[in-house]
Amino acid sequence: MLNKELEISKHEELTNKSDDSTCNNSNVIGCNQDLANNSNIAMKHSYTFEEAFEIFSLPFFKLLRTAHEVHIKYWDEQAVQISDILSVKTGGCSEDCAYCAQSVRNGNKMPRQPMVDIDTVIKKAKEAKERGASRFCMSTAGRCLSNPIEFDKICKMVKAVHDLGMETCVTIGFLTNEQAKKLKESGLDYYNHNVDTSPEFYGNIVTTRTIQDRINTIEIVQNAGINVCSGGIVGMGETNKDRVKMLVLLSNLKTPPRCVPLNKLVKIPGTRVDDSHPIDDFDFIRLIALARILMPKSYVKIAAGRNTLSESTQALCMFAGANALFSGEKLLTVENIKDGKDINLFNKLNIVLEKKSE
Ligand code: SF4
């Protein structure tokens, strides 16, 4: 048998199997008997790394078709959710994330900026809303926000953005139960806390915390009734296996994140990963497709690095299940899509922008 035939028969063994791993409970996230019947993929609520990697390695068009079938089962295929993000406190971070210009431990010394005032946040959020964003994210540099005056200001920012009729998201590092409760009371809809990469590769990227620390905070956020936004960054020297392991970790959390942002590393000179090998665009599309299959009810977001993808690649990502994007010319410290380009692409693809969910 030719190598290729061997490969395909191996994939079919996985996708045609109807063993006890097939789930009949349609209330379980990721579980869809109809889909299993239609596409021969055995949908289940948890995947092993081996199963996920076999799906990731499916023939490209079969993977895309399967992911798209999952996508249209749960989502409007023409709708995309748009977020904007503002760094409300920048630089001077004691953590050592290898990719970040805001870490004092990296070579790139980004100037420190104290917390912006609430009027600046309101102005930026209104501008984002006019561009079609339904969610506004606010980010602070640092391991956590232990200063009560600054934390109180964040809560006021959340309330102000919430009052504009937008979904709110913050990313301020580790949280206590008490802080999570206060954020929820202020009107917080989403908390971003990325796991960044696989558990095995994590120590190459961050040493000042563990991936388990991140998972603990995710649980605190979920216990407070706030949606979690958690994904990672690819192109930092990790392998495809690491990328798949990261998605398996997220999909097997007690409650998978409601939003999964996938960032293509934007290399910043002076950071520890500024010479790493970029991810191949087709592998990035495969990753989006796998995220859609593993987490059917989650938003899958193309986050940083979208400006390095051609329009055709972005379209394939959306076909594979990406249904959330960042707008705005800046994503914290890196460039994003220039104004006007998104509108052109959305028009070409007949994309409509999702309104704030009720
Ligand atoms: S990613 Fe966040 S925690 Fe890590 S160095 Fe940058 S600002 Fe600090």
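**Figure 1. Strand E7, helix H11 and strand E8 form a right-handed β-α-β unit.** This close-up, like the ones that follow, comes from a predicted model. E7 covers residues 259-264, H11 covers residues 281-294, and E8 covers residues 299-302. Look at how the two strands sit together: E7 and E8 pair in the parallel sense, over 4 bridges. To find one of these partnerships for yourself, start at Leu-262, whose bridge partner in E8 is Ile-302.

**Figure 2. Strand E7 also pairs with strand E6.** Here we stay with E7 and turn to another of its partners. E6 takes in residues 232-234, and E6 and E7 pair in the parallel sense over 3 bridges. Leu-262 turns up again in this view, as the E7 bridge partner of Gly-232. How does the chain get from E6 to E7? The path runs through helix H10, residues 240-251, and this β-α-β crossover is right-handed.

**Figure 3. Strand E7 is covered on both of its faces.** How many of the 6 residues in E7 are buried? The count is 6 of 6, so the strand is mostly covered by the definition of burial, which asks for 20 or more other C-beta atoms within 10 Å. On one side you can pick out Cys-259, Pro-261 and Asn-263, all buried. On the other side are Val-260, Leu-262 and Lys-264, and these are buried as well.

**Figure 4. Strand E1 is largely enclosed by the rest of the structure.** This strand spans residues 79-89, and 10 of its 11 residues are buried. Several parallel pairings involve E1, and each can be followed in turn. With strand E2 (residues 135-140), E1 shares 6 bridges, and Leu-86 stands opposite Met-138 in E2. With strand E9, E1 shares 3 bridges, and Ile-82 has Leu-325 as its bridge partner there. With strand E12, the pairing runs over 2 bridges, and the E12 partner of Ala-79 is Val-352.

**Figure 5. Helices H6 and H7 pack with a right-handed crossing.** A pair of packed helices is described by the angle between their axes and the distance between those axes. For H6 (residues 148-163) and H7 (residues 177-186), the axes come within 8 Å and cross at roughly 30°. That angle makes H6 roughly parallel to H7. On the H6 side, the contact is made by Phe-151, Cys-155, Val-158 and Lys-159. On the H7 side, look for Gln-179, Lys-182, Leu-183 and Ser-186.

**Figure 6. Helices H4 and H11 meet in a left-handed crossing.** You have already met H11 as the helix of the β-α-β unit with E7 and E8. Here its neighbour is H4, residues 60-74; the two axes come within 9 Å and cross at roughly 35°. From H4, the contact is made by Phe-60, Leu-63, Leu-64, Thr-66, Ala-67, Val-70 and His-71. From H11, the residues taking part are Phe-282, Arg-286, Ala-289, Arg-292 and Ile-293.

**Figure 7. Ala-320 sits in a loop and is buried.** The loop in question lies between helix H12 (311-319) and strand E9 (324-326). Why does Ala-320 count as buried? It has 27 other C-beta atoms within 10 Å, and the cut-off for a buried residue is 20 or more. Leaving aside residues up to four places away in sequence, Ala-320 touches Leu-64, Ala-67, His-68, Ile-285, Ile-288, Ala-289 and Arg-292. Take Ala-289 as an example: Ala-320 and Ala-289 are 31 residues apart in sequence, yet their C-alpha atoms are 4.7 Å apart in space.

**Figure 8. Asp-196 and Asn-350 each have a positive phi.** Neither residue is glycine: phi is near 75° for Asp-196 and near 55° for Asn-350. Asp-196 belongs to the loop between strand E4 (190-192) and helix H8 (202-205). Asn-350 is found in the loop between helix H13 (341-349) and strand E12 (352-353). Which of these loop residues is buried, and which is exposed? Asp-196 counts as buried, with 23 C-beta neighbours inside 10 Å, whereas Asn-350 is exposed, with 8 other C-beta atoms within 10 Å.

Conventions: Residues numbered from 1 in each chain as written. Predicted model: local features only at pLDDT ≥ 70, side-chain atom pairs only at ≥ 80, totals over all residues. Buried ≥ 20, exposed ≤ 12 C-beta atoms within 10 Å, placed from the backbone. Pairing = 2+ DSSP bridges. Right-handed = clockwise from strand over helix to strand, strands pointing away. Axes fitted to C-alpha atoms, helices over the stretch in contact; angles between N-to-C directions. Parallel < 35°, antiparallel > 145°, perpendicular 65-115°, else oblique. Left-handed = near helix turned anticlockwise from the far one by under 90°. Contact = placed C-beta atoms within 7 Å.
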